[in-house]
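Let's walk through this one together, question by question. Have the viewer open, and try each answer yourself before reading on.

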Number of protein chains: 2
Amino acid sequence: MNDLFVHKWTAQVKKGILSFIVLSVLKDNEYYGYELIEEIKKHTEIEIAEGTLYPLLNRLKNEELLTSKWVEQESGIPRKYHVLTKKGNDTLQEMKKYWVNMNTSIQKLMIK
Amino acid sequence: MNDLFVHKWTAQVKKGILSFIVLSVLKDNEYYGYELIEEIKKHTEIEIAEGTLYPLLNRLKNEELLTSKWVEQESGIPRKYHVLTKKGNDTLQEMKKYWVNMNTSIQKLMIK
DNA sequence: ACAAAATACATAGCAATGCAAGGTATTAAT
DNA sequence: ATTAATACCTTGCATTGCTATGTATTTTGT
């Protein structure tokens, strides 16, 4: 069994998938960073590190796929909430098409 | 529509998926490089460049997931045939499990 | 006859991004 | 008082597809 190879491979898979997952989890929702980590873990069993998520959220924001706002708390650190833009939703639809097509191909490959 | 973003994104998706696809296409088969490009295109509609495939085949060989042999032709350039090793097959099973689990999660995300 | 395309394999530099590690700050738990 | 949890942030490293370029031989087009 090739643990190291598969571990590196899953990291590469995440490089492709994480932005797609983040946009999908945010669709019709508004989450702050730490909460998003919890949601992603709940929905996909992927454990995404903060050092991965925050730069990704910033990149998606720079691409105008989502917007962010700070919300003060009664006590404690302010939270940065994220929500998809129209552009984000549209881009997500494109990604879904690509994903479904790709996955159909791979399903066929696995069956044969 | 976010053409450039989606284009870059699909390149990142490929970084995760290509080794999986190559191993899947090679399962129970033996192909040479150029032929593999054709098979992958046929099965997935992905157009993989030679400059991508040959280094990938070499990496997979270095990981002992496949073996290669040169076969002289009646005429023309010798062909380098590739076939999965036992280790390659076992690793492919691990990758399939991961993929199925990941895809199930994403399907649920897309439905909601 | 010659040029272009196809076939077949190869290499290098660049761009993109998850990961690990480290950082700040505040509150809660021990 | 210390540690852990919560919440956000930054950086350098490792990995790999892509593009461009290269070699070689045969086939196809002009």
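Helices and strands here are DSSP runs, numbered from the N terminus, with at least four residues for a helix and at least two for a strand. A residue is near a strand of DNA if its C-beta atom, placed from the backbone, lies within 6 Å of it. Keep in mind that this is a predicted model.

Q: Which elements of chain A and chain B each supply at least two residues of the surface near DNA strand D?
A: Both chains take part in this surface. From chain B come H1 and H3. Chain A supplies H1, H2, H3 and strand E3 (79-84).

Q: Which element gives the most to the surface near DNA strand D?
A: There are 26 residues around DNA strand D, and those that come nearest are Tyr32(A), Gly33(A), Gly51(A), Ala49(B) and Gly51(B). By class, the surface has 11 nonpolar, 8 polar and 7 charged residues. The top contributor, with 5 residues, is H1(B).

Q: Which element gives the most to the surface near DNA strand C?
A: Here 30 residues surround the strand, with Gly51(A), Tyr32(B), Gly33(B), Gly51(B) and Lys80(B) coming nearest. Two or more residues each come from H1 (3-26) and H3 (50-62) of chain A, and from H1 (3-26), H2 (33-44), H3 (50-62) and E3 (79-84) of chain B. The element that gives the most, with 6 residues, is H3(A).

Q: How many residues of the surface near DNA strand C are nonpolar, polar and charged?
A: Glycine goes with the polar group in this count, while Asp, Glu, Lys and Arg make up the charged one. On that basis the surface near DNA strand C divides into 12 nonpolar, 9 polar and 9 charged residues.

Q: What relation links chain A and chain B?
A: Laying chain A on chain B takes a turn of 180 degrees and a shift of 0.0 Å along the axis, and the RMSD is 0.1 Å. That is the relation of a two-fold axis.

Q: Why can one say that the copies meet through the same surface?
A: In the contact between the chains, 34 residues of chain A meet 34 residues of chain B. On the side of chain A, the elements giving two or more residues are H1, H2 (33-44) and H4 (86-111), and the classes come to 14 nonpolar, 11 polar and 9 charged. The copies meet through the same surface because the share of chain A interface residues that are also interface residues in chain B is 100%.

Q: Which residues of chain B does Leu109(A) touch?
A: Leu109(A) sits in helix H4 of chain A. It has 19 C-beta neighbours inside 10 Å, so it counts as partly exposed. Leaving aside residues up to four places away in sequence, Leu109(A) touches Ile21(B), Ser24(B), Val25(B) and His43(B).

Q: On which residue is the kink in H1(B) centred?
A: The 24 residues of H1(B) should span 34 Å at 1.5 Å a residue, and its end C-alpha atoms are 32 Å apart, which agrees. Buried residues of this helix include Trp9(B), Val13(B), Phe20(B) and Leu26(B). The kink is about 45 degrees, and its centre is Ile17(B).

Q: Is Asp28(A) buried or exposed?
A: Asp28(A) lies in the loop between H1 and strand E1 (31-32) of chain A, and its phi is positive, about 65 degrees, although it is not a glycine. Most residues other than glycine have a negative phi. With 9 other C-beta atoms within 10 Å, Asp28(A) is exposed.

Q: What is the phi of Asp28(B) near?
A: Asp28(B) follows H1(B) and has its place in the loop between H1 and strand E1 (31-32) of chain B. Having 9 other C-beta atoms within 10 Å, Asp28(B) is exposed. Its phi is positive, near 60 degrees.

Q: What pattern does chain A follow along the sequence?
A: The secondary structure of chain A comes to 4 helices and 3 strands. Of its 112 residues, 25% count as buried. Read along the sequence, the pattern is α-β-α-α-β-β-α.

Key. Residues are numbered from 1 along each chain as its sequence is written. Chains are lettered from A and ligands numbered from 1 in the order in which they are written. This is a predicted model: local features need pLDDT of at least 70, side-chain atom pairs count only at pLDDT 80 or more; totals for chains, interfaces and linings use all residues. Copies are superposed by least squares on the C-alpha atoms of residues with pLDDT of at least 70 in both. Two residues are in contact if their C-beta atoms, placed from the backbone, lie within 7 Å. The expected span of a helix is 1.5 Å times one less than its number of residues. The bend at a residue is the angle between axes fitted to the seven residues ending there and the seven starting there. A residue is buried if 20 or more other C-beta atoms lie within 10 Å of its own, exposed if 12 or fewer, and partly exposed in between; C-beta atoms are placed from the backbone.
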